[in-house]
Each structure stands twice: as C-alpha cells, then as structure tokens.
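Biologist: Please pick one short part of this chain and take me through it slowly, then follow the connections outwards as far as they help. I'd like to see what surrounds it and what it pairs with.

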Amino acid sequence: MAFRPDLSPWPFGVAAELQNSGRKFCSALAVLHWMALVNPETRGPGWSEDRREEREAGEAVGAMCWSDISSAKSSSTTSFLTSLVFNGAVFAVEIVAFTLIRRHFRLIYEPRALAPLKTKRTNELSPTLLGWVWALYEADYRTIRAINGMDAYFFVRFLRMMVRVFLPMWLLSWAILMPTYAVRTSTANHQGLDKFTFGNVANNQLKRFAALIIVTYIFTFWIWWNIKHEMRHFVSVRQQYLASPEHSSTAQANTILITGIPTELLSESALTRLFSHLPGGVRKVWLNRDLKDMPELHNRRINAAKTLESAETSLMNTATKRHNKQLKKAAKAEKKANGNTSSTADLTRRPDADNDPESARSLAETLVPQKKRPTHRLPLFSWMPFSLPLVGKKVDSIDWAREEIKVTSAELDKRRQILEQDIARTTVADVQARDRVHQLRAGRLNIHMPTVHLNIPLIGPTGAPDFSDQTYPPVNGAFVLFNSQLAAHLAVQSLTHHEPYRMGKDSKYPEVTPEDVIWDNLGTNPYERRIRLAVSWAITIGLIILWAFPVAFVGAVSNVHSLCTTYSWLAWLCKLPKVVVGIISGILPPVLLAVLFLLLPIVLRLLARFEGIPTRSGVELSLMDRFFLFEVINGFLIVTFSSGIIAALPGIVNNVSSIPSLLAQNLPTASTFFLTYVILQGLSGTAGLFLQIAPLILYYVKMFLLGSTPRSVYNIKYGARTVKWGTLFPQTSLLVVIALGYSAISPIINGLACATFFLFYMVYKYLFIWVNDQPQSSDTGGLFFPKAIQHIFVGMYIQQICLAALFFLAMNDRGHPGAIAEGALMVVLIVFTAFYHNTINNSYSPLIHPLPLSIAEQLHGTNHPESEGVIDEHPQGEPKPAERVGGAAAARRRGEYPDAGAGLVLSRLVRAAVRQQTHLARAVDQARGRPGTRLGLHQHIVRSLREDGIEVETLGARMDAKGHVDVDGPPPDMDEAERRERVGKEGLEAEVAEERVSDDSGEEEERVRRKLGDDVREDEGTV
C-alpha cells in the first residue's frame, strides 16, 4: 500500500508491524489511506492502480484498524441487555417495595380512599398484599371521567389506544419482518440486535423489501382505522359531557371570556345589548378593570391571615408544652408535699367564667410569657417580598396580623365602594355615548319657536364612552354569563365585530373559570398579542436549534463503540470493561436526555404565557405544541442522525462514494438507543410512578418542617397531586413517534412499545383513580386528545419518509439503486396518508369545540328550573371563599362569578361584610389519663378574634397533649359541596337564609343604581 512514491512499495510486514503496535495509529493511517485514494496530488509517479501487493497490504491495515467495528455493533446487544437487566432490576425492586409498604402508607398510595369528603372518596384498592394487581386490572378506566375529569380520561384512553395499535403490529412484525431481515442475509458490521434491522438486508437480497412494503401498508391502514374510531368516540363523549345536566347547568358551561373589546362596547349594558340577539340572552356581564392597588391590599390581608393562623397555633402549642412541663413539676411537688396541687389551679380553670375580651390576652400571658410569644421581623422596605434575618423591625406576630387584617379590610371596603360607583358610571357613560351617536346621525338642527334653541353636538370622539372620571376604569376583557349554554357556544363561533382583531374567534374562550384565568394577560391589546406571538415562537425555534448541540452529544455517547474505534484519543473507552461501556452507551444517554428535557418545559411555559394567552389551560395547550416540536426534533431526529452518522463514519472515511449505502445500512442501527430509551420509560419509569419515593419522603419532610397549622397539615395529608398536561402528553406521544418511526426499520421496538404502553395504562389508571385529584377548573374537556392524534400522524410521516429515503439509498450488488419501486410505493403511501390526514381534520375539527344545534334539546341553561341548586361546580375565584362576599353558596347557586380583575371577589361590593376565616385547632389536654380536660386557651382566642371581626373555625382540627396538630376535615375555605357535607343540613339552612338576605340586598342595590342613572340622565338633559 503506497501513500507516497518514496514510501512504496510497502511490504506486508510493515502493515503487520503496525497492527502489532496498537490501535493508536489507526485513525491517522486510515486518513492517509483515504487521501491517497481520492486525492491525485498525494499520488506520486510511482503510483500504480494495479499493484495488488500494496492494495492487499492496505486492506489488511484497514481490516486491522476497523476490526473492532463489528464488535462494536455486536456490543449493541450488550447495551440492550445491560439496559434491560438494569431497568428490569429497578422495576422489580420498586414494585416489590410498593407491594410491601403501600398498605402502611395509604395517605401516599391511595389518598383518595381516605379523603375526609365523600365527594372525593374512592373505594379501597385492596386490603391484601397482592390483591392490588387484580384490583387494578379489573378497575374500569371509564370511572376516571367522573373522578378526575375528561382530560385524565382521554389520556388513559390514548394509552389504551396505543396498546391496541401496537399489539397486532408487534405480532405481525416479529413474525414477518424479523426473519426477513435476519435469515440467510447479512451485511458487514451488523451483529447482535442489528441483524434484525433494515440495514442487514444484503445488496443481493433487496427483493425482500417487498415484505416490508406490504407490512408497512398494513400497519398504516390499521393505524388509520384506530384514529377514526377514537376521533368518533372523542367527539361523541365530549358532546355528551358538555350537554349533560351536571355540566351544562353550571356557570362555567354558560360563561365565555372575551378579550380585544373595542372601547365603544366596553360596558355591561353594551355587551348585554350586543349578545341579546342570541337565544336566551345574557344573564350577567363582568368587566375586567384596572384595580391598581387592590390586589396588593388583598394579598397583604391573605398573608396576614396566614401569619395569624400560624402564630395562634404556635401560641397554643407553646402553652400546651409549658403546661405539660408544669404538670410534671406539680406532680413531683405533690409527691413530695403530700398532695399540694395549688400551683396548677390557674392552668386548668374553665375560661367560661370570664367573658372579658381581654381575658384571652391575660390567659395567654399567664400560660406563655411575653418573650415566648411568636414574633417575626418586617421587611426593611415595603417592596421587599420577604424579611431578612436579624434585620428589620421585630413585632409580635399575633398583634401585627390582627392589626394588618383590620387595616387592609377597611382599605378594601373603601375601594370597593368606589369600584361599585365606577360600575354604575360605566353604564351611564355608555348611555351618553349612544345619545351622542344618535344626535350626530340625525344631522340637523333642532329649532323651537318662538325661542330659538340650538342643539349642536360637540365634535370629537362621539361613539366611545368616557372613563376618565373613573378610579378603576375597564380594560379590554369581560366575562359574559348566558342563560343558555347554546348561546355561549354561538357567541364564540359568531362574527362579533366588523373591525379586524376585535373580539375575533381567537379572542373568545368558552368554558372559562376564574381560577383558570391569567389576569395579567386580560388587558393585552390584540395587535400586541400578535407581536408577542411572533416573538415567542421565534425564541422557541431558537431554543430548539441551540438545544440540538447538547442533544447531538448525547446521541454520540449512545454510539461510544464507534467513537472509540474512530478517534484515537477516545480509544481508552474501548479498554473499559464491557459492563461499564454498556452502561455508558445504554443507560447514560437516556438519563442525560431526560435531564435535558426536564429543563426546557419551564422556559417554554413562560414563553407561552408571554404570548398573551389569558387562561392557564390555554398555556398548557400551547406548551404541548412547543414541547412536542422540541422533542421530535431534538429527542428523535437529531439523535437518530447523529448516532447513525457516527456509526457510518469508519466506512465513510474509507470510501466516500459509498455514503448513500452506508447511511442506509447504519441509520437503522441508531435504534439501539431508542430501544434502551423505551425500556427505561417502560420499566423504571412506570415502577417509579407506582413507588412514588419522592412524595413519600417529601410527605414526612413537610410534616416535620411545615405541618404547624391545621391548614398546612390538611394540605400535606390530603392536598391534591396533579399532572401538567402540557408536558405529560408530549412525553408520551414522543414514545409513539419513536415506536412508529422504527416500527418497520427495527421491528423489535414494537414489542417493547406495546409492553411500555400497557404498563403506562395500568399505572396512570391507578394514579387517576386512587391518587391524583385534577382541579375541575383547569379541565378542558379533553382538548389535549386531538392534538395527540396529530402527533400520531407525525410518527407515520417520519416512518414513511425514512423508509422512502432508505429505499432510494439502497444499492444492489452492482452498485446501482436497487429499490426504486419500493421507494415510489412509499411516496404513494405518503400522499395517501396526507389525504387521509386532511380528511380527518376536515371531518372532526369543526366538531371539537362548539356544540351543534342538533343536541340543543339536551342542553340545560342556567335559567332552567332543574338547574336551581346545581351550579356547584363554580370554581372559587381569588381570593378563596375565606373572604366570600354576600354568601358564597348563594352566589354560586345564582351562577355568579367574581368581577374580573386580579382575581378579587367584587360581586355585591356595597353590602360586603369582610370575613377572614382562620382555621385553628382545639387544644385538648389528655395528660395524666384525663381526656377532655380542656386547657381553655383556644376558646379565648376564638372569642377575641370574633370580637375583631375575624371569623374562626375549629371544626375538624385538634391539638393533642403534646402540641401536635392533626385534622379530620378540610379548612373552612372550601367549595359549597364540601361545606354541605361537613356542616350538614343546619349549615345549609343558614346559607339559604343568607341567600334571601343577599337577594333582598341585591334588589336594593339595583334600585340604587337605577336611581343614580336616572339622576345623571336628568342632569344631562338639563344641561
């Protein structure tokens, strides 16, 4: 082998000597050999094309240099087996641990079976050790719809669908494609699992691709049928859910959020007139307003209430512990002094004898000295969100919190009165604007004889109301509550305004709840939102491009065998033990990829919110698109090509002209990485979801560090565990895309995918029946499911495009393209898939969001007689019902929502009585075998707080003799259904009476508003 004329001829012994000297010269030697073959300038006059001796020597050197490639390929089996054994061991250990400990930690593994409220309670999983397996298998996944909503139901339904899709694909591909790829055919460097891939078909065996074409067509038709079947089911179930009496009679079902409202329509009366043409008309309109400092005042009061709750509980805890110590001392003194117990008389006296409001402070000072009372430091500056240690004014927490609640409540009352006046002025301003428009349209002078009276309208903005005299003017957003659910859906679908970007279809949102609203985005201008949309997606695409570099590195690590044989400075990796190399190539890349994918959703969610989407569920839907795009590009395509190209790199170095055939052979070998990724998700991932080691540890950490008040204890024990659909769905659909992309190229993945989706189906069925509690306010009615169906089409497109490319790249034994016909058939299949995709979208997209007129008779509006008392799914606005105004139960039965604006409850503002509920524990002294002997401090605290106008609740909370807080019921700020169960019939009767008072007050308020409007109009006419 001659690289230069003065070095030729090289004897074969030189090559042998190089082989004995080690692999560190292999890369340089291969590069020189490639230069000599392809670059004429490196060939001297002594070069001869037919010098067989030199060519054979060169081939020997090449064989020596790349002898490890086949072992590298065969070690793909090692990587696969290492990953399978490791993840299988993790799966077994975690499942065994779950089986052994789940009955002892039921608050972690089946909290819904122990929920204190029957409305949220489910049946026990199984009392026996192994009975949970059969109980979980027998559980009906359709019950999830009533337990956790439509989004959870359709997610589990999607997993069930994928099990049904991959089961026949698994059996068919293993029976046909694996023998087609592996039996009596082979290519260089394809050993182990690589023998069962597309690239193992020899150049003289390309006729075998006919079986691949037939199977691919069968796969595609089978997936088409499943997509149509599931979309029909989705539309049917969603429409049944929306039209059901339980849902359609709620305020959520009859309310829409409108943004981009022009100034001339920015009033309650104008919007009522605008939508009065729809069936049933409008029941109520709430405008979003610029509330200025009201949200800050509200947050100050909420924080003060939390501080007060914590401080009062801490005071009782300290008193209980000091009381216990004094009892022990008294017992010792009694033993020595023969029964002298006078020192404990003041500690156990009944507080009922003293009704003085100052008794609480005196008793507290008796039980807890001043220096032991809870204190905290105030921030140095008002704009600081928290205080610093040892810096700032030190105050008594109880006294400060009580005073802060009084001050903020009084300030909020003043501002609410002003706000109520602004609401009345908005209607008056709308009337004035309409009058000016009518006068201008008349276009004539009004002359009265004998006295000439001229009525000449002023020139200027005539059609828009003037809000300059209002302290809290409205901004371009409003909630509209209709009397009919059908009217709400018609309002969303109708063309509302004659100007562009004004109340357009994309600016109207049905099924909106105040808890789901992002209040800061309501005032976004329509033009500003489009600019934000462009900026947001530009940054998203930039992140996807930049993220490709670390992801490509992960793909390179997955093919470490080829790296260490290609580059001499990485040769040390090949010298490591096979187990270590298997861990590096089989386990480390999926873990690194998972870490990379954990970081980006945080940024993407912020970008979706920056876009100006006014609902949190809308942000999750946007995040689903962004995150899926990122995962497909960086988690699948980049990894595939980076790993496949690295695998083909040794052959490319030797023969540049063989790039197409080498890529066709080596790109399928990247499937090893995805096989290990699917195994990781299917075994370790599902077992981790069963064991839930992080919630188990965090439960005790939180109870030790944060479980100081009844509210915090309740949230830790029974707080809802939820999932984020914007990230969960894309992560799942990425597995679908990977499995579909390699379903024909590497059919072994079909069995793994089927098993993985079955395990996912079982674990999420368990989670959504016995563990998770998804908030109803964020439920979209299953709108994530159609997006997931679109992801299946992406997987089919990738599969078909890759197969077409591989067919066109395939070379026969004569060096000519040998699968042109197969590639053409794949192009035809791509066209058919695109046509079917378009047909599905055109058929079902119009049925996803709106309700059709054909089911109008099934709808129940808020004005329906049967709907009285049913509107109990109205989600709580901000603040929580802890400061409900005018009767929370009454407001929800009337279908009332908070007035939009920073989440403040602004309904019935004039007559509002401020009530801040605090959840305190009843301290019970059970020392010395005397259960029920009360310490008495909590009665004094409750009486004192109520004297200050702060409502206190002790029901369901208790403090034992050691000062530990526990709860057996929820805090007082809960929805009506929970309160109904807890307080019973007597409490409901009180709320009914409260509702009557509220209705009377509402009528009086309406009379005041009409009188104010008449006075203003009378003054206007005089002028």
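Modeller: Let's take helix H25, residues 710-718. Seven of its nine residues are buried, so the helix is largely enclosed by the rest of the structure. This is a predicted model, by the way, so read everything here as computed from it. The buried residues are Pro 710, Arg 711, Ser 712, Val 713, Tyr 714, Ile 716 and Lys 717. Two names in that list, Arg 711 and Lys 717, carry charge-bearing side chains, and each has a salt-bridge story.

Start with Arg 711. Its side chain meets that of Glu 309 in a salt bridge, 3.0 Å from N to O. That is a link between distant parts of the chain, with Glu 309 in helix H11 and Arg 711 in H25, 402 residues apart. Both Glu 309 and Arg 711 are buried. Lys 717 belongs to a network of salt bridges that also takes in Arg 958, Asp 966 and Asp 968.

Stay with H11 for a moment, as it has another such link. Arg 300 forms a salt bridge with Glu 404, and the closest N and O atoms are 2.8 Å apart. Arg 300 sits in H11 (residues 294-337) and Glu 404 in helix H13 (residues 397-442), so this pair ties together parts 104 residues apart in sequence. The two ends have unlike surroundings: Glu 404 is buried at 13% relative accessibility, while Arg 300 is partly exposed at 32%. A further pair, Arg 102 and Glu 110, meets at 3.6 Å from N to O. Here Arg 102 is buried with 1% relative accessibility, and Glu 110 is buried with 2%. The full count of salt bridges comes to 25.

Now step back along the sequence from H25 to helix H24, residues 693-705, where Leu 698 lies. Leu 698 counts as partly exposed, because its relative accessibility is 43% and the band for that term runs between 20% and 50%. Leu 698 is one of the residues of a nonpolar surface patch of about 730 Å², together with Ile 693, Ile 697, Val 701, Phe 704, Leu 705 and Leu 706. So which helix is the one largely enclosed by the rest of the structure? That is H25, because seven of its nine residues are buried.

For another enclosed element, look at strand S1. Five of its five residues are buried, so S1 too is largely enclosed by the rest of the structure. Both faces of S1 are covered, with Thr 255, Leu 257 and Thr 259 buried on one side and Ile 256 and Ile 258 buried on the other. In a regular strand the side chains alternate between the two faces of the sheet.

The sheet around S1 is open and has four strands, ordered S2-S5-S1-S6, with antiparallel pairing. S2 (282-289) and S6 are the edge strands with a single partner each, so one side of each is left without a neighbour in the sheet. Ignoring direction, neighbouring strands are turned by 20° against each other on average. Five bridges join S1 (residues 255-259) to the antiparallel S5 (residues 474-482). Thr 255 stands opposite Leu 481 in S5, and Leu 257 stands opposite Phe 479. Helix H10 (residues 268-275) packs on this sheet, touching S1, S2 and S5, and its direction makes about 135° with that of S2. On the S6 side, three bridges join S1 to S6, again antiparallel, and Ile 258 has Lys 508 as its bridge partner there.

Two backbone oddities are worth a glance if you check torsions. Most residues other than glycine have a negative phi. Tyr 501, in the loop between helix H14 (485-493) and strand S6 (508-510), has a positive phi of about 60°. This tyrosine is partly exposed, with a relative accessible area of 39%. Leu 390 has a positive phi of about 65° and is found in the loop between strands S3 (375-377) and S4 (394-396). Leu 390 is exposed, at 76%.

For scale, the chain holds 32 helices and 12 strands, and 52% of its 1023 residues count as buried. Among contacts with a separation of 6 or more, 81% come from residues 24 or more positions apart. The link from Arg 711 in H25 to Glu 309 in H11, 402 residues apart, shows such a long reach in a single pair.

Conventions. Residues are numbered from 1 along each chain as its sequence is written. This is a predicted model: local features need pLDDT of at least 70, side-chain atom pairs count only at pLDDT 80 or more; totals for chains, interfaces and linings use all residues. Side-chain values use heavy atoms; hydrogens and water are left out. Buried means under 20% relative accessible area, exposed over 50%, partly exposed in between (1.4 Å probe, protein chains only). Helices (H or I, at least four residues) and strands (E, at least two) are DSSP runs, numbered from the N terminus. Patches are made of residues with over 30% relative accessible area and no salt bridge: like charges are joined within 9 Å, nonpolar side chains (Val, Leu, Ile, Met, Phe, Trp, Tyr) within 5 Å. Accessible areas come from the Shrake-Rupley method with a 1.4 Å probe; for residues, only the protein chains shown count as cover. A salt bridge is a side-chain nitrogen of Lys or Arg within 4 Å of a carboxyl oxygen of Asp or Glu. Two strands pair if DSSP finds at least two bridges between them. Axes are lines fitted to C-alpha atoms, for helices over the stretch in contact, and angles run from 0 to 180 degrees between N-to-C directions. Contact means heavy atoms within 4.5 Å.
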